[in-house]
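Got your viewer open? Load the model, colour it however you like, and we'll walk through it one selection at a time.

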Amino acid sequence: MSETPILTVADLSVRIAGLHILQGVSFTVAPSGVTVLLGRNGVGKTTTLRAILGLTPRGGEVRGTVRLGDRSLAGEPTHRLVRDGLGYVPEDRCVFAGLTVTENLRLAERRGGVPAYDRVFELFPELKRRGRQRAGSLSGGQQQMLAIGRVLLNDNRLLLVDEPTKGLAPKVVTEVAEVLERVAVAVPVLLVEQNLAVVRRLADDAVVLAAGRVAWSGAADELLREAELTRSLLGVGVAGEPHAPAATAGVSQPVPAESAPVDREVSAG
Ligand SMILES: Nc1ncnc2c1ncn2[C@@H]1O[C@H](COP(=O)(O)OP(=O)(O)OP(=O)(O)O)[C@@H](O)[C@H]1O
């Protein structure tokens with residue numbers, strides 16, 4: 001990676017509730033495209049994103065440095081990081097269920113900024129059509145679109161997106177992947193994603209966490225090309241392999257409640 005990174009994480013260590021979750025994590029995010037953060041369940045991917053954003057729970061201990069461009073983020077409050085262009089789409093989407101789609105979007109407008117409703121509605125026409133619907137009555141996929149749209153209302157230097165396809169039906173996984181692909185043309189993305197088909201479609205670079213550290217980093221296609229490497233790091237076979245085992249803890253796609261069991265590597269288009 002020769003370009004100057006948009007994000008540099010160096011020797012990041014996080015302890016929460018007596019657990020040493022991250023034990024000196026270092027990686028960079030390129031200033032364009034998608035960098036995917038991978039690893040088995042519970043390895044610390046969400047903890048990494050939350051530490052970058054200053055969202056480690058009270059009582060947790062964070063060490064190491066995080067830089068956005070050439071600026072250190074140490075001690076910066078989350079709201080300032082978000083205002084300055086660190087967009088976050090959390091794993092649980094966090095839409096306001098009792099508010100309408102329009103109200104959810106309004107709440108995301110940044111004071112002093114010009115909200116880019118055109119951009120959001122061009123990517124997600126459905127959000128415009130459903131403006132008066134309560135967010136709590138949207139499907140999981142629609143809520144994910146709202147969570148992403150809310151962040152895109154403002155200009156961002158980097159998006160942190162946590163498992164956007166989790167729990168979604170295969171068709172919706174494809175839609176979310178398409179949207180992220182378009183988004184990533186304009187803004188770099190650090191993506192936590194368990195679905196290898198989505199990773200294959202979107203990721204330029206990959207960082208794999210294991211045992212609290214970075215176990216592998218490099219070009220995503222290099223990782224995915226090496227079936228044995230993928231299996232050893234993630235505990236899963238790559239689709240298309242003759243003897244790919246069913247996904248284990250690392251890279252399983254949760255089966256949506258409303259659908260029958262599906263292939264573990266859900267198509268991303
Ligand atoms: N607030 C907390 N209190 C106690 N333990 C926590 C807390 N937050 C995270 N952990 C623990 O830290 C570890 C890493 O959690 P984290 O959510 O970062 O993993 P992850 O890689 O994102 O997992 P998944 O793929 O399942 O989403 C887990 O063992 C989790 O139980």
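**The whole chain**

Start by selecting residues 7–236: UniProt, in an unreviewed entry, places the feature "domain: ABC transporter" there. UniProt positions are given in the numbering used here, feature names are shortened, and annotations may be inferred rather than shown by experiment. Before going on, know that this is a predicted model, where local features need pLDDT of at least 70, side-chain atom pairs count only at pLDDT 80 or more, and totals for chains, interfaces and linings use all residues. Residues are numbered from 1 along each chain as its sequence is written, and side-chain values use heavy atoms, with hydrogens and water left out.

Still on residues 7–236, the end C-alpha atoms lie 28 Å apart, and the span is 37% helix and 27% strand. Now show the full chain as a cartoon, and you have 10 helices and 10 strands to look at. Helices (H or I, at least four residues) and strands (E, at least two) are DSSP runs, numbered from the N terminus.

How much of the chain is buried? Buried residues make up 49% of the 269 residues. Buried means under 20% relative accessible area, exposed over 50%, and partly exposed in between (1.4 Å probe, protein chains only). As for contacts (heavy atoms within 4.5 Å), among those between residues at least 6 apart in sequence, 71% join residues at least 24 apart.

**Helix H1 and its neighbours**

Next, select residues 45–52, which is helix H1. Here 6 of the 8 residues are buried, so H1 is largely enclosed by the rest of the structure. To see them, show Lys45, Thr47, Thr48, Leu49, Ala51 and Ile52 as sticks. Just after H1, click on Gly54, which takes a positive phi of about 70 degrees.

Zoom in on Thr48 in helix H1. Its relative accessible area is 0%, so Thr48 is buried. Which residues is Thr48 in contact with, leaving aside neighbours within four places in sequence? They are Leu12, Leu22, Phe27, Leu37 and Leu209.

Follow that list to Phe27, which lies in strand E2 (residues 19–29). Phe27 is buried too, with a relative accessible area of 6%. Not counting residues up to four places away in sequence, Phe27 touches Leu7, Thr8, Val9, Thr48, Ile52, Leu190, Val207 and Val214. Try a distance label from Phe27 to Ala10: they are 17 residues apart in sequence, and their C-alpha atoms are 6.6 Å apart in space.

**Two backbone oddities**

Select Asp11 in strand E1 (residues 7–16). Asp11 is not a glycine, although it has a positive phi of about 55 degrees. Then jump to Glu163, in the loop between strand E7 (158–162) and H7. Glu163 has a positive phi of about 45 degrees and is not a glycine either. Is Glu163 buried or exposed? Glu163 is buried, at 8% relative accessible area.

**An aromatic pair**

A search of the whole structure finds 1 aromatic pair. Select Tyr117 and Phe121: their ring centres are 5.7 Å apart and their planes are at 35 degrees, so the pair is tilted. Rings of Phe, Tyr and Trp (its six-membered ring) pair if their centres lie within 6.5 Å; planes under 30 degrees apart count as stacked, over 60 as edge-to-face and the rest as tilted. Both residues are in helix H4 (residues 117–123), 4 residues apart, so about one helical turn separates them. Phe121 counts as partly exposed, at 21% relative accessibility.

**The pockets**

Switch on a surface. On a 1 Å grid over the protein atoms alone, a pocket is an open set of points where a 1.4 Å probe fits, with protein on both sides within 12 Å along at least five of seven lines; lining residues have an atom within 4 Å of a point. Grid points are joined across faces, edges and corners, and a volume is the space filled by probe spheres set on the points.

The largest pocket holds about 590 Å³ of space. Of its 20 lining residues, Val82, Tyr88, Leu107, Ala108 and Arg150 lie nearest the centre. H2 gives the most to this lining, with 4 residues.

The second largest pocket has about 240 Å³ of space. Its lining has 14 residues, and those nearest the centre are Leu123, Phe124, Glu126, Met145 and Glu175. Helix H5 (125–129), H6 and helix H7 (170–186) each give two or more residues to that lining.
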